[in-house]
Amino acid sequence: MHILLTGGTGLMGRSLCRHWSAQGHRLTVWSRSPEQVPGLCGSAVRGIGRLEELDGETLDAVINLAGAPIAERPWTRRRKAVLWSSRITLTEQLVGWLQTRLQRPRVLISGSAVGWYGDGGERELREDMGPVGTDFASQLCGAWEDSARRAEELGIRVVLLRSGLVLAPDGGFLQRLRPVFRLGLGGPLGNGRQWMPWVHIADQVALIDFLLHREDAQGPYNACAPQPVRNGEFARALGQVLHRPARLSAPAFALRLGLGELAGLLLGSQRAVPARLSDAGFAFRFTDLNAALADLLGDHRLKDAA
């Protein structure tokens, strides 16, 4: 297959490039720095700076994962504009380009997040539910999904990935938390009762590949392990695998004071479960958080990184 990726130089994109390159697929990454793509994604992966460079070429699938990191800094007005443009504006440009093509891909798999639901409290969040919140993250994900769904009008199968926290040893959420926890300064956020959907990066790669090849897969899928955990449980499990205490909680008022509206993303609760993936027969390799963290950050990996 010829697969076009946006966000291909990010954590998830690089992992997908390695996986699909090993399977013999032809990969192209649309990037602001196309010259860096082979070094980041693999020597066989092609980088392009303009979509028009693919005009006249057959394209089988598009994987749309581009988006500025949502929790990297407080949501000022300028930061919100960056988050919006990097997701919605880019997806609108992508679908607009697909509309001009005579030959179109069979499938578009487009990123989203469990933040689409908003703060769900104790409710179990399945794909057949509507959003329960109107916060910025929910609005952002909603507009992102709406932009991608417009490709359905072009006869393209559209899959929407409502991802939880992707756990990986060399980037993302764990990379930011690990130094704090290794110093013994980690702990729950707020009261630690909020639900945190998570997924091991190996399962995230596998489920995207599964949805790519399953012709009847379309619409939203919760891309998270079957057993979400509470924030306090996550903190304890991470402390255990790093052999450090994890008792220093970050008070909710301090998070709101320092992070503003972004704090709602950290303190909100999403008890999301992968109902549609389970119904489709996808089997997760990692369903237990402790086993996932041990695989990603166990003693053997820590020694390798030292």
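Colleague: How many of the residues of the protein count as buried, and how should I read that share?

Modeller: Burial is judged residue by residue from the accessible area that remains in the fold, with under 20% relative accessible area as the limit. In this model, which is predicted, 52% of the 306 residues count as buried. The accessible surface of the protein comes to about 13900 Å², and 51% of that surface belongs to carbon and sulfur atoms.

Colleague: What does the radius of gyration say about the overall form of the protein?

Modeller: One compares the radius, taken over C-alpha atoms, with what the globule rule gives. Here the secondary structure comes to 12 helices and 13 strands, and the radius of gyration is 19 Å, close to the 19 Å that the rule gives for 306 residues, so the protein is as compact as a globular protein of that length. Along the principal axes, the C-alpha atoms fill a box of roughly 60 × 45 × 40 Å. The contacts add a view along the chain: among those between residues at least 6 apart in sequence, 78% join residues at least 24 apart.

Colleague: Which residues have the most contacts inside the largest nonpolar core?

Modeller: A core of this kind is a set of buried nonpolar residues joined through side-chain atoms. The largest one has 34 residues, and those with the most contacts inside it are Leu5, Leu16, Trp20, Ile109, Leu207 and Leu211. Helix α6, residues 201–213, supplies the largest share of this core, with six residues. There is also a second, separate core of 21 residues, which includes Leu174, Trp198, Leu242 and Leu289.

Colleague: If I select Leu207, what does it touch beyond the residues up to four places away in sequence?

Modeller: With those sequence neighbours not counted, Leu207 touches Leu161, Val199, Ala223, Leu277, Phe282 and Phe284. Two of these names return among the aromatic residues, where Phe210, Phe282 and Phe284 form one aromatic cluster.

Colleague: How many aromatic pairs does the structure hold, and how is the geometry of one of them read?

Modeller: The distance between ring centres decides whether two rings pair, and the angle between their planes decides the class, with over 60 degrees counting as edge-to-face. The structure holds five such pairs. One of them joins Trp116 and Tyr117, which are edge-to-face at 5.0 Å centre to centre, with 90° between the planes.

Colleague: Are Trp116 and Tyr117 buried or exposed?

Modeller: Trp116 has a relative accessible area of 13% and is buried, while Tyr117, at 0% relative accessibility, counts as buried as well.

Colleague: Which charged residues lie over aromatic rings?

Modeller: For this feature one looks at where the charged end lies with respect to the ring centre and the ring normal. The charged end of Lys80 sits over the ring of Phe136, 5.0 Å from its centre, and Arg87 lies over the face of Trp144, at 5.2 Å from the ring centre.

Colleague: Where do Gly115 and Gly268 lie, and what do they touch?

Modeller: Gly115 lies in the loop between β5 (107–113) and β6 (124–125), where it is buried, with a relative accessible area of 11%. Beyond residues up to four places away in sequence, Gly115 touches Ala137, Ser138, Cys141 and Gln270. Gly268 has its place in the loop between α9 (263–267) and β13 (271–272), and at 6% relative accessibility Gly268 counts as buried. Leaving aside neighbours within four places in sequence, Gly268 is in contact with Asp119, Gln194 and Trp195. Sequence separation and spatial distance should be read together here, for Gly268 and Gly118 are 150 residues apart in sequence and 7.5 Å apart in space, C-alpha to C-alpha.

Colleague: What surrounds Gly186?

Modeller: Gly186 is in the loop between α5 (172–182) and β9 (195–196) and, at 1% relative accessibility, counts as buried. With residues up to four places away in sequence not counted, Gly186 touches Val180, Phe181, Pro245, Ala246, Arg247 and Leu248.

Colleague: Which backbone angle should I check at His243?

Modeller: The angle to check is phi, which at His243 is positive, about 55°, although His243 is not a glycine. His243 is in the loop between α7 (231–241) and α8 (252–259), and at 53% relative accessibility His243 counts as exposed.

How values were computed
Residues are numbered from 1 along each chain as its sequence is written. This is a predicted model: local features need pLDDT of at least 70, side-chain atom pairs count only at pLDDT 80 or more; totals for chains, interfaces and linings use all residues. Side-chain values use heavy atoms; hydrogens and water are left out. Rings of Phe, Tyr and Trp (its six-membered ring) pair if their centres lie within 6.5 Å; planes under 30 degrees apart count as stacked, over 60 as edge-to-face and the rest as tilted. Buried means under 20% relative accessible area, exposed over 50%, partly exposed in between (1.4 Å probe, protein chains only). A charge sits over a ring if NZ of Lys or CZ of Arg is within 6 Å of the ring centre and within 35 degrees of the ring normal. A nonpolar core is a set of buried Ala, Val, Leu, Ile, Met, Phe, Trp, Tyr and Cys residues joined through side-chain atoms within 4.5 Å. Helices (H or I, at least four residues) and strands (E, at least two) are DSSP runs, numbered from the N terminus. Contact means heavy atoms within 4.5 Å. The radius of gyration is taken over C-alpha atoms; the globule rule is 2.2 Å times the number of residues to the power 0.38. Accessible areas come from the Shrake-Rupley method with a 1.4 Å probe; for residues, only the protein chains shown count as cover.
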